[in-house]
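Morning, everyone. Let me put the model up, and then we'll walk through its empty spaces and a few of its elements.

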Amino acid sequence: MSTQLLLGGRIYSPTSPDATAMAVTDGTVVWTGMDAPGRAMHPDAEVIDLQGRFVAPAFVDSHVHCTAAGLALSGLDLAGTTSKAQCLELVRAHATAHPDAVVWGHGWDESRWSEQRPPSRAELDECVPGRQVYLSRVDVHSAWVSTPLVEQATGVRQATGWSDEGPLSQDAHHLVREAARVRLTAAQRRAALHTFLDHAAAHGVAAVHECGGAEIAGLEDFRATLTADHGVQVRGYWGEAVTDADQARDLLERTGAAGLAGDLFVDGSLGSHTAWLHEPYCDLPEAGTGAAYLQREEIAAHVRACTLAGTQAGFHVIGDAGMQAVVDAIGDVVAELGVPKVASRAHRLEHAEMMTPGQAEALGRWGVLASVQPGFDALWGGSDGLYAQRLGPDRGARLNPYSAMASAGVALSLGSDAPVTTLDPWRAVQAAVHHRTPGSAISARAAFAAATRGAWRAGGVRDGMAGTLTPGAPASYAVWDCDELVVAAPKDSVQRWSTDPRAGVAPLPRLDPDAALPECVRTVHRGRTIYER
């Protein structure tokens, strides 16, 4: 047996809130406490001096797209652009620097541009004549593409979501994305995958949930992601609907997926006007109420099949009409199979941005989990954000009601949906604590738990120990440089921060909006160092 003794730090452990030391034997936490007892109990251990640093359970990001996120990190990132002209200049420079490759970019958001309108194909063709260009919108539910790339996408002009001049959405987007994706080399995809996993490890992340599908990155990319030789653990979800248990089992075996969940689209996104709504969009009446990709009967068939096959089902759902269809469909299956059978599978919903209190109560009772992205609210919430633009200020203020969801018993896990938002787990925790709608925030402890223990649970690990630093738990942790540790109060109506050690609660880094967030020094997964600064 090999034991390491970490000394002189600040350990985030619910069983030892004042712990300064932790012992790890063969990849398992065996003890937490104070330095002196630790030395006495483990005299032969390898000693690691933490130099006052903070040690906490490693994060898990419960919704990512590894290769696409790696391409955004290493390639043409348009997320920071504030005008169409700036975006076009970046595209021109990237195309010049990479003369032989498809121009693949991501992250533009016209709601943050001075022009406040989407770009045209003619402008892109003029910018980079003759080049095949694919530029996904920040939500990856539409894309700005060049005419030479359109010519490579068979049937795109007849597909739903086609536009003669503007960005493409729905089926037209899927066709043109596939035409661009197949022009990426295996070496490009492999490099992007490892770039992203390296980024995750450097941000204290030990595991991610890859949300794949035929319309997202294809089966070849999904399998490559699941078998990547990297220290960050990847759990894969495949988004494809099934109608019976045998079909579900066959699809799991064929793909290597852990569940038939993730981005199985019930609808699209608010940014691309394709989220399925009860009432029309305020800023684009011709978009109507968005797009419905699965109906109640199809959703119910998938949940029933996965439940009987003994695996997780799940869906991407954003709009309120989409959420109603999902809740009604799961209710149909509960009525047939019973609550215990359905709840035992821990089915999950991705995003779940427009959930009513009544729906939350039903989903909590049925054991359905919500994989949510606080970065969405940070980017698009508030009275002047994209949600308010698309839905009006009243509807826009009801999105992402984390407090109500958690209070109703809906277990939360946090993710980034990278590349939609950058994988930055402390930033996600901070966004959940400082929700832009009063009353919708959750406490720092609840948000941190959702990004660690809750995300392990969303990934099927329900032993109660994963995501904690308690004796018997896997030694999956990160070491952080950070400033003062504090105890966060759970409600907006009371003093939010306390530094009183008599609280008897393990403290966390300060998460005020202007606080300097922790910087990762080392990430360890099951006793193996996967990142060191």
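A word on terms before the numbers. A pocket here is an open set of grid points with protein on both sides within 12 Å along at least five of seven lines. Its volume is the space filled by probe spheres set on those points. And please keep in mind that this is a predicted model.

So, pockets. The largest one holds about 730 Å³ of space. Its lining has 40 residues. Nearest the centre are Gly375, Leu379, Thr421, Thr422 and Arg427. Which elements supply at least two residues each to that lining? Two strands are on the list: strand 7, at 59-64, and strand 9, at 103-108. The helices are helix 2 (66-74), helix 7 (186-201), helix 14 (374-380) and helix 18 (425-433). By class, the lining has 22 nonpolar, 10 polar and eight charged residues.

Next, the second largest pocket. Its volume is about 520 Å³. It is lined by 25 residues, and Pro118, Gly271, Ser272, His273 and Leu284 are the closest to its centre. Here the classes come out as seven nonpolar, 13 polar and five charged.

Now the enclosed spaces. How many cavities of 30 Å³ or more does a search of the whole structure find? Four. I'll take two of them.

The largest cavity has a volume of about 340 Å³. There are 29 residues around it. Look for Asp139, Val140, His141, Asp417 and Val420, which lie nearest its centre. Helix 6 (170-181), helix 14 and helix 15 (386-391) each give at least two lining residues. Helix 6 gives the most, with four. We have already met helix 14, at the lining of the largest pocket. The cavity's lining divides into 13 nonpolar, nine polar and seven charged residues.

The second largest cavity has about 90 Å³. Its lining has 14 residues, with Thr67, Ala68, Arg177, Ile216 and Ala217 nearest the centre. Helix 2 and helix 6 each supply at least two of them. Which helix has the largest share? Helix 2, with four residues. Seven of the lining residues are nonpolar, two polar and five charged.

Let's stay with helix 2. Its axis comes within 7 Å of the axis of helix 7, and the two cross at roughly 85°. Angles of 65 to 115 degrees count as roughly perpendicular, so helix 2 is roughly perpendicular to helix 7. Who makes the contact? From helix 2 we have Cys66, Thr67, Ala69, Gly70, Leu71, Leu73 and Ser74. From helix 7 we have Arg189, Ala192, Leu193, Thr195, Phe196, Leu197 and His199. Eight of these contact residues are nonpolar, five polar and one charged. Thr67 turns up again here: it also lies among the residues nearest the centre of the second largest cavity.

Last stop, a sheet. It is open, with four strands in the order 4-3-1-5 and mixed pairing. Which strands sit at the edges? Strand 4 (28-33) and strand 5 (46-49), each pairing on one side only. Neighbouring strands are turned by 20° against each other on average, direction ignored. Strand 1, residues 3-7, runs parallel to strand 5, and four bridges join the two. One pair to look at: glutamine 4 has glutamate 46 of strand 5 as its bridge partner.

That's my tour. Over to you.

Notes: Residues are numbered from 1 along each chain as its sequence is written. This is a predicted model: local features need pLDDT of at least 70, side-chain atom pairs count only at pLDDT 80 or more; totals for chains, interfaces and linings use all residues. Side-chain values use heavy atoms; hydrogens and water are left out. Two strands pair if DSSP finds at least two bridges between them. Axes are lines fitted to C-alpha atoms, for helices over the stretch in contact, and angles run from 0 to 180 degrees between N-to-C directions. On a 1 Å grid over the protein atoms alone, a cavity is a set of points where a 1.4 Å probe fits but cannot get out, and a pocket is an open set with protein on both sides within 12 Å along at least five of seven lines; lining residues have an atom within 4 Å of a point. Ala, Val, Leu, Ile, Met, Phe, Trp, Tyr, Cys and Pro count as nonpolar, Asp, Glu, Lys and Arg as charged, and the others, Gly among them, as polar. Angles under 35 degrees count as roughly parallel, over 145 as roughly antiparallel, 65 to 115 as roughly perpendicular and the rest as oblique. Contact means heavy atoms within 4.5 Å.
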